[in-house]
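Please take a first look at the structure shown here. The briefing after it is meant for someone new to it.

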Amino acid sequence: MLSAEDSVWMAQALHLAERGLYTTTPNPRVGCVIVKAGKLLAEGWHERAGEAHAEINALRAAGAAAKGATVYVTLEPCSHQGRTPPCADALITAGIARVVVAMPDPNPLVAGQGIARLKSVGIIVDSGLMETSAASLNAGFVARMSRGFPLVRSKIAMSLDGRTALKNGESQWITGAEARCDGHHWRARSCAILTGIGTVLADDAQLTVRDVQTSRQPLRVVLDSQLNLPVTARILQGGNLLIYTNNQDAQKIEQLEKMGATVKVLSGAHARIDLVMCLKDLATRGCNEVLVEAGHTLNGALLQAGLIDELVLYMAPQLLGDRARGLAALGELTNLHQRIELAWQEVRQIGKDLRILATVKKG
C-alpha cells in the first residue's frame, strides 16, 4: 500500500536521477533512495555508462544497515548481466525488505524480470509511483527501447511571426544571449545533434556544448546527401562527427574520415537520405535523444514524415516579414486536415524571449 511518505522518498529519488541528465547516455537516468525506520539511510544515482547503477551506489553507501530497509528506485532494477552485474541480485543479497519502483524498464532484456526476480524471493514490490515523472525523465530511452529510434526534439529560434531567417539566410541573432545559453542545456542532455548541410554551409556551425559544464559532448550528425561538406568546416574539428550521405565517392569519404569523421552511406529516394534509416542507425549507436538544429528544409521533411516528437521554440519579440524564411518547409496545404497539430507543454520567458515547449500530436 503506497503512502504519502512513499511519494516524498520517490520524489527525492527522481531528483537524484536528474543529476545524470547530461552524462548517463546511452543508459537511463536513475536515482535510488534507501530508507529504514522512516529515516534516510543512503542514496545514489547512475552517473555514466559502464559505472555502477543507482542501486549499487546506494547499497554501497548503506552497507550492512541496508538489511530490512525499503528501497525507492525510479526504474525497475535490472536482472541481466551487462557492463555491470544485475541490480536485482544485489538488492536480494543485501536483504532488502521492500522495493518501490516508479516505472518498469522498457529494455526487453529486463521488461518486468527484475520485479519478478525480487518478488520470487519474498521482497515486497510496489510499482507505478510517479511513473509519469520517471518516464518523462527518460523519454528518449523509452522511445529507443519501445520503437527502435530516438526521441527527436527540434530546437528553433524564431520571430513572433514565425520566421527563422531573412530571405538571404541571415539569422544571427534572432534571439538573445539568455535564450542561446538555455539552448545549450538542450544540447548537453542530447545524445546527438542533427543538422543539414545547408545549415553547416550557411553558419559554419560547430554544434558543441559551450555554455554548460558537461563531461560529455554529444555526437554531431550532418545530413549531406552529396558530400558537399568542405574540409575547412569547423564541425570537422575535434572528431565526434557522423555524416550521412547518398554519395559513394570513395576519395571524398576517405578524405573526411582521415579528418576524424565517420561517413555512413544511406540510400534514399530522389537523391535524399532516408530519414527513418538515419534515426534507426542512431538508435543502434545508443542515441536516446536527438536534438535537431536545422533550417526550414530539414525541419519540414522531419515534420512531414512524422519524425519530430517535441519542439523547443524560442520566440523573439520582433517581426521579420512575410519574405523571411519560415520554421518548416511544409509546402502548400490544401485543407486543414493536412495541418500538423501541437500540444503546448510550457511557456516561459527566457531573457527577452519566450521559450515554448510543445509536443507534436501523432496520428
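The points below cover the nonpolar cores, the salt bridges, one helix, one loop residue and one surface patch.

This is a predicted model. Its largest nonpolar core holds 35 residues. A separate core holds 33. The salt bridges number 21.

**Nonpolar cores**

- Five residues touch the most other members of the largest nonpolar core: Met10, Ile34, Val71, Ile96 and Val99.
- Helices and strands both feed this core with two or more residues each: α1 (4–17), β1 (31–36), α2 (54–62), β3 (70–73), α3 (87–94), β4 (98–101) and α4 (113–120).
- The top contributor is α1, which gives five residues.
- Look at Met10 for a sample of the packing. Beyond its neighbours within four places in sequence, Met10 is in contact with Tyr72, Val73, Thr74, Val100, Val101, Ala102, Leu129 and Met130.
- The other core, of 33 residues, lies apart from the largest one. Its members include Leu266, Val292, Ala294 and Leu302.

**Salt bridges**

- Asp6 and Arg98 form a salt bridge through their side chains, with N to O at 3.0 Å. Asp6 sits in helix α1 and Arg98 in strand β4, so this pair ties together parts 92 residues apart in sequence. Both Asp6 and Arg98 are buried.
- Arg187 pairs with Glu293, and their closest N and O atoms are 2.7 Å apart. This pair also links distant parts of the chain, 106 residues apart. Arg187 belongs to helix α7 (residues 177–189), while Glu293 is in the loop between β12 (289–292) and α11 (296–304).
- Are Arg187 and Glu293 buried or exposed? Arg187 counts as buried because its relative accessibility is 9%, under the 20% cut-off. Glu293 is buried too, at 10%.
- Asp281 forms a salt bridge with Arg285, with the closest N and O atoms 2.7 Å apart. Here the two partners differ in cover: Asp281 is buried, at 11% relative accessible area, whereas Arg285 is partly exposed, at 40%.
- One network is built from salt bridges that share partners. It joins Arg29, Arg153, Arg189, Glu289 and Glu310.

**Helix α11**

- Which residues of α11 are buried? They are Leu298, Asn299, Gly300, Leu302 and Leu303.
- One of these, Leu302, is also a member of the core of 33 residues.
- The buried residues of α11 pack against several elements: β6 (151–159), β8 (192–196), β9 (219–223), α10 (275–284), β12 and β16 (353–360).
- After α11 comes Gly306, with a positive phi near 70 degrees.

**A buried loop residue**

- Thr23 is placed in the loop between α1 and β1.
- Thr23 has a relative accessibility of 18%, so it counts as buried, the cut-off being under 20%.
- What does Thr23 touch, not counting residues up to four places away in sequence? The contacts are Glu47, Arg48, Ala49, Ser215 and Arg216.

**A nonpolar patch on the surface**

- Ile340, Leu342 and Trp344 make a nonpolar surface patch of about 290 Å².
- Leu342 is found in strand β15 (residues 342–350).
- Leu342 is partly exposed, with a relative accessible area of 30%.

Technical notes. Residues are numbered from 1 along each chain as its sequence is written. This is a predicted model: local features need pLDDT of at least 70, side-chain atom pairs count only at pLDDT 80 or more; totals for chains, interfaces and linings use all residues. Side-chain values use heavy atoms; hydrogens and water are left out. A nonpolar core is a set of buried Ala, Val, Leu, Ile, Met, Phe, Trp, Tyr and Cys residues joined through side-chain atoms within 4.5 Å. Buried means under 20% relative accessible area, exposed over 50%, partly exposed in between (1.4 Å probe, protein chains only). Helices (H or I, at least four residues) and strands (E, at least two) are DSSP runs, numbered from the N terminus. Contact means heavy atoms within 4.5 Å. Patches are made of residues with over 30% relative accessible area and no salt bridge: like charges are joined within 9 Å, nonpolar side chains (Val, Leu, Ile, Met, Phe, Trp, Tyr) within 5 Å. Accessible areas come from the Shrake-Rupley method with a 1.4 Å probe; for residues, only the protein chains shown count as cover. A salt bridge is a side-chain nitrogen of Lys or Arg within 4 Å of a carboxyl oxygen of Asp or Glu.
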